Amino acid sequence: MPLKIVIFLLCAIRVLGQDYIYLTTPSSFNDATNTVRTTIDEPNILESILNFNLREKVNFFLYRRKNRNKAHPILFPKERSDNQSAYENLDLSPFNPELQTKLLVHGWRSNEESDTVQNIKNNYLSKKNVNIITVDYRDIAANNFYFAPAFQIRQVGKYIAELIDYLVTFRNANTSDFHIIGHSLGSHLAGYIGAFTTTGKVGRISGLDPAILGFEWSGPDSRLDPSDAQFVDVIHTAAGSCGFRDPIGHVDFYPNGGIVQPGCGNNILDQLACSHGRAHHLFAESILTSLFYSYPGSSWAAFVRGEYNRTDMIKMGDPAPSNSRGLYFLQTNPQRPFAMGPFFGTFGFIWDTFNLLNG
C-alpha cells in the first residue's frame, strides 16, 4: 500500500484491530488527543460504491437560538422538482431568509452529532443570530473503505445544493448569505455543494484541513477550489499527511506551519490525528474571539525568521476578511484558548484568556 495512503489512514486508525477516530461525538470525545474509540460496521465495499440511492441517506437539521439544543428536521424531498407544490408539506418555520445561513458538513466516519459540527453550531448561536443547517450523511461516511464516500460525496453535494436552490427560489433566501463549513472530506463536499448550486455563487466556503487522500492530484472540478464560492478560506493543520499541503483557497492559513500542531503529543499517530482535528477546534474558537492574528508570508521558515509585516495582519477563521488573498501564518497555543492575540508565548496565552473571559 502506498505510503501516503498508510499515513492518511493512520489519521483515523490508531491501534491495530481497533478503530480510533478523530471526528467524534461529544459524549466520547477525548480532549487530550482529539480521538475516541468506537465500533463501526463496515458495509459491503462493492455494494456501497455502486449504491447510487444516496439521497435516502442524507438528512438535514435546522437550528436557531430558540431551538439550539433541539434539532428541527428538514424533510427535504428526495426527488428533485421545479414545482413548488412538491414542497408544500415542507416545514421550515424556524428558517429566516433575512439572516445568514451557516451550513455545516462533517467528514469521513463522522456525523451531525460530532464535535466537528456541534461545537461550531453552538458557538455561532451563542454569538450570532443566524440559521444553522447541519447535514448528516453518516450512513455514507461510515464506510471504512474511504474511497467509497470520497467518490459518493459528489452526488451528496448535488442533493445539498438543491436545498440551497430551493431556499433561494421559494423561500427568498440570498445565495450570498450562505456560508458552508466542512472538515476533512467535508471540505471537498462543501466544494461540490458550491459548484452545483445553480441560483448563484454561495457567499463563502471554509475548508478545515481538507482531506488529501484521493484529491491531491484531482483537478479543481473534483475538489475544493476558489471557484466554488465568492470567498474560500482554508485552514491547514496536518498538511501533507492527512490534509492538503498546497493552497487551494483565496486565502490559506498555516497555523504553526500547518504540518504538526503543538500539544498533540509525541507519538506520531497522536500527532497525525490530533493535528488534523485541530482545524475545526481552531475555527470553532475563532467564532468567539478575533484574536487569531495572522501574517502574510512566503513560507513558515520566513515567518519564523520574522520576515513579515505586522501591519498586514488579518484574523484567521470566522473573522477572515473576504478580500484577503494569499498565504498567512500564525502561532497558536498548545491548548485552549488556542488564539495568542497580537502577542506570542506566555503573555499571549494570558492576553487571550483575559479577552475570552471578558467577551
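This passage walks through a predicted model of one protein chain, from its overall make-up to a few individual residues.

The chain contains nine helices and 13 strands. Of its 359 residues, 56% count as buried. The accessible surface of the chain comes to about 14,900 Å², and carbon and sulfur atoms account for 52% of that area. Contacts also link distant parts of the sequence: among those between residues at least 6 apart in sequence, 71% join residues at least 24 apart.

Eleven strands form an open sheet with mixed pairing, and their order is β4-β3-β6-β5-β7-β8-β9-β10-β13-β11-β12. At the edges lie β4 (72-74) and β12, each of which pairs on one side only. In general, the strands of a sheet pair through backbone hydrogen bonds, either parallel or antiparallel. Strands β7 (residues 178-183) and β8 (residues 204-208) offer a parallel example, paired over five bridges. Here Gly182 stands opposite Gly207 in β8.

Helix α5 is a good place to check a helix against its expected length. This helix has 24 residues (residues 147-170), and at 1.5 Å a residue these should span 34 Å; the end C-alpha atoms are 36 Å apart, which agrees. Helix α5 also has a kink of about 35 degrees, centred on Ile153. Because 17 of its 24 residues are buried, α5 is largely enclosed by the rest of the structure. Just after this helix, Asn172 takes a positive phi of about 65 degrees.

The same check can be made on helix α6. With 12 residues, α6 reaches 17 Å from its first C-alpha to its last, close to the 16 Å expected at 1.5 Å a residue. Helix α6 is mostly covered, with 10 of its 12 residues buried. Among these buried residues are Leu185, His188, Tyr192 and Ile193. Their cover includes β5 (101-105), α5, β7 and β8.

One residue of this helix deserves a closer look. His188 lies in α6 (residues 185-196). Its relative accessible area is 0%, which is under the 20% cut-off, so His188 counts as buried. Leaving aside neighbours within four places in sequence, His188 is in contact with Ile153, Pro210, Ala211, Phe215, Arg223, Leu224 and Phe244. Among these partners, Ile153 is also the residue on which the kink in α5 is centred.

Loops can hold buried residues too, as Gln261 shows: this residue lies in the loop between β10 (251-255) and α7 (268-288), and its relative accessibility of 2% makes it buried. The side chain of Gln261 reaches the backbone oxygen of Pro255 at 3.1 Å. Not counting residues up to four places away in sequence, Gln261 touches His236, Thr237, Pro255, Asn256, Ser275, Arg278 and Thr332.

Arg310 is another loop residue, placed between α8 (300-304) and β12 (314-315). At 44% relative accessibility, Arg310 falls between the 20% and 50% cut-offs and therefore counts as partly exposed. A polar contact of 3.5 Å joins its side chain to that of Tyr295. Arg310 and Ser294 are 16 residues apart in sequence, while their C-alpha atoms are 8.7 Å apart in space.

Conventions
Residues are numbered from 1 along each chain as its sequence is written. This is a predicted model: local features need pLDDT of at least 70, side-chain atom pairs count only at pLDDT 80 or more; totals for chains, interfaces and linings use all residues. Side-chain values use heavy atoms; hydrogens and water are left out. Helices (H or I, at least four residues) and strands (E, at least two) are DSSP runs, numbered from the N terminus. The expected span of a helix is 1.5 Å times one less than its number of residues. The bend at a residue is the angle between axes fitted to the seven residues ending there and the seven starting there. Buried means under 20% relative accessible area, exposed over 50%, partly exposed in between (1.4 Å probe, protein chains only). A polar contact is a pair of N or O atoms within 3.5 Å; within protein, one must be able to donate a hydrogen and the other to accept it, and residues adjacent in sequence count only if both atoms are side-chain atoms. Contact means heavy atoms within 4.5 Å. Accessible areas come from the Shrake-Rupley method with a 1.4 Å probe; for residues, only the protein chains shown count as cover. Two strands pair if DSSP finds at least two bridges between them.
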